[in-house]
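Trainee: I'd like to check the vocabulary we use for this model, one term at a time. Please set each value against its definition for me.

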Amino acid sequence: MIQLDHVSKSYQQGIAALNDVSLHIQPGEFVFIMGKSGSGKSTLIKLLLKELEPTSGEITVDGQKLSKITHKKVPYFRRNIGVVFQNFRLLQDRNIYENVAFAMKVVEASAKEIRKKVPKALSMVGLAAKYKSLPRQLSGGEQQRVAIARALVNEPKILLADEPTGNLDNANAWEIMHLLEEINERGTTVVVVTHNSEIVKKMNKRVITIKKGVVVEDGKWGESHEA
């Protein structure tokens, strides 16, 4: 599903954000990517979305070599990847139905598809009754659930969550993690970037740890970390 073969990424200053990274994430896996600020986690996400190009190495996502995808075809490639960010990135002047529908309009879905899929996505995250609410009328946890509904409404094969609990309190953070787990159980490959070791430890999933651009550990928490 996601494969990196000897991928490195250096910026103009010659600093290596990622250094000879090789990893393979299988379809249907739930994987955490951990590392301190500056370790290369965000660079990895941008490479997977083809927002950045690797300095060397090859990235394959859902059977497609990213080096072969032309700039014109990048939007079509990204339709199979849902993305959730730490700061929600909701449109503040639109209600949550319109926020989720916007993701479908971008990929030129029909009005009929939008009417069918948006309520379904909002129902899945437990917000069907609040479809007319504006983002500012919702709690942080609810706003993140809207962001997840928006990421999933086009039924992507992969969900990338970049610090999805970073702006949430502990209770809301756990709600979001359980929701991501449910999404994974339905067949979506889920990759969560985080530095929250408490959540990672309790979730008992595969953990890829990056330090200074290098993968230093890969396995279940108990296999490669101190309890």
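Trainee: Which residue in E4 is the bridge partner of Ile2?

Mentor: The partner of Ile2 is Val61 in E4. This is a predicted model, in which local features need pLDDT of at least 70 and side-chain atom pairs count only at pLDDT 80 or more, while totals for chains, interfaces and linings use all residues. Residues are numbered from 1 along each chain as its sequence is written, and side-chain values use heavy atoms, with hydrogens and water left out.

Trainee: What makes E1 and E4 a pair of strands?

Mentor: Strands (DSSP runs of E, at least two residues; helices are runs of H or I, at least four, and both kinds are numbered from the N terminus) pair if DSSP finds at least two bridges between them. E1 and E4 (residues 56–61) are joined by five bridges and run antiparallel, so the requirement is met.

Trainee: How many bridges do E4 and E5 have?

Mentor: E4 and E5 have two bridges, in the antiparallel sense. The definition asks for at least two, so they still count as paired. Here Val61 turns up again, standing opposite Gln64 in E5. Helix H1 packs on this sheet, touching E1, E2 and E4, and its direction makes about 120° with that of E1.

Trainee: How do you know that H1 touches those strands, and what does the angle refer to?

Mentor: Contact means heavy atoms within 4.5 Å. The angle runs from 0 to 180 degrees between N-to-C directions, with axes fitted as lines to C-alpha atoms, for helices over the stretch in contact.

Trainee: What joins E1 to E2?

Mentor: A hairpin, with five residues between the two strands. Gly14 in its turn has a positive phi of about 85°. E1 (residues 2–10) pairs with E2 in the antiparallel sense over six bridges, and Ser10 has Ala16 in E2 as its bridge partner.

Trainee: Why are E2 and E5 said to stand at the edges?

Mentor: The open sheet has the order E2-E1-E4-E5, with antiparallel pairing. E2 and E5 (64–65) each have a single partner strand, so one side of each is left without a neighbour in the sheet.

Trainee: Is His24 buried, exposed or partly exposed, and what makes it so?

Mentor: The relative accessible area of His24 is 35%. Buried means under 20%, exposed over 50%, and partly exposed in between (1.4 Å probe, protein chains only), so His24 is partly exposed. His24 sits in E2 (residues 16–25). Leaving aside residues up to four places away in sequence, His24 touches Met1, Ile2, Gln3, Glu29 and Arg206.

Trainee: On the same scale, what class does Phe88 fall into, and why?

Mentor: Phe88 has a relative accessible area of 11%, so it counts as buried. Phe88 lies in the loop between E6 and H3, and its phi is near 70°, a positive value in a residue other than glycine. Glu163, in the loop between E7 and H6, is buried as well, at 10% relative accessibility. The phi of Glu163 is positive too, about 50°, although Glu163 is not a glycine.

Trainee: Which strands are the edges of the six-stranded sheet?

Mentor: That open sheet has the order E6-E7-E8-E3-E9-E10, with mixed pairing. Its edge strands are E6 and E10 (214–220), each pairing on one side only. E9 (residues 206–211) and E10 pair in the antiparallel sense over six bridges. In this pair, Ile208 stands opposite Asp218 in E10. Helix H5 lies across E6 and E7 (158–162), running at about 165° to E6.

Trainee: What makes a space a pocket rather than a cavity?

Mentor: On a 1 Å grid over the protein atoms alone, a cavity is a set of points where a 1.4 Å probe fits but cannot get out, whereas a pocket is an open set with protein on both sides within 12 Å along at least five of seven lines. Lining residues have an atom within 4 Å of a point. The largest pocket is lined by 26 residues, and Arg78, Ile81, Val83, Phe85 and Val106 lie nearest its centre. E6 gives the most to this lining, with four residues.
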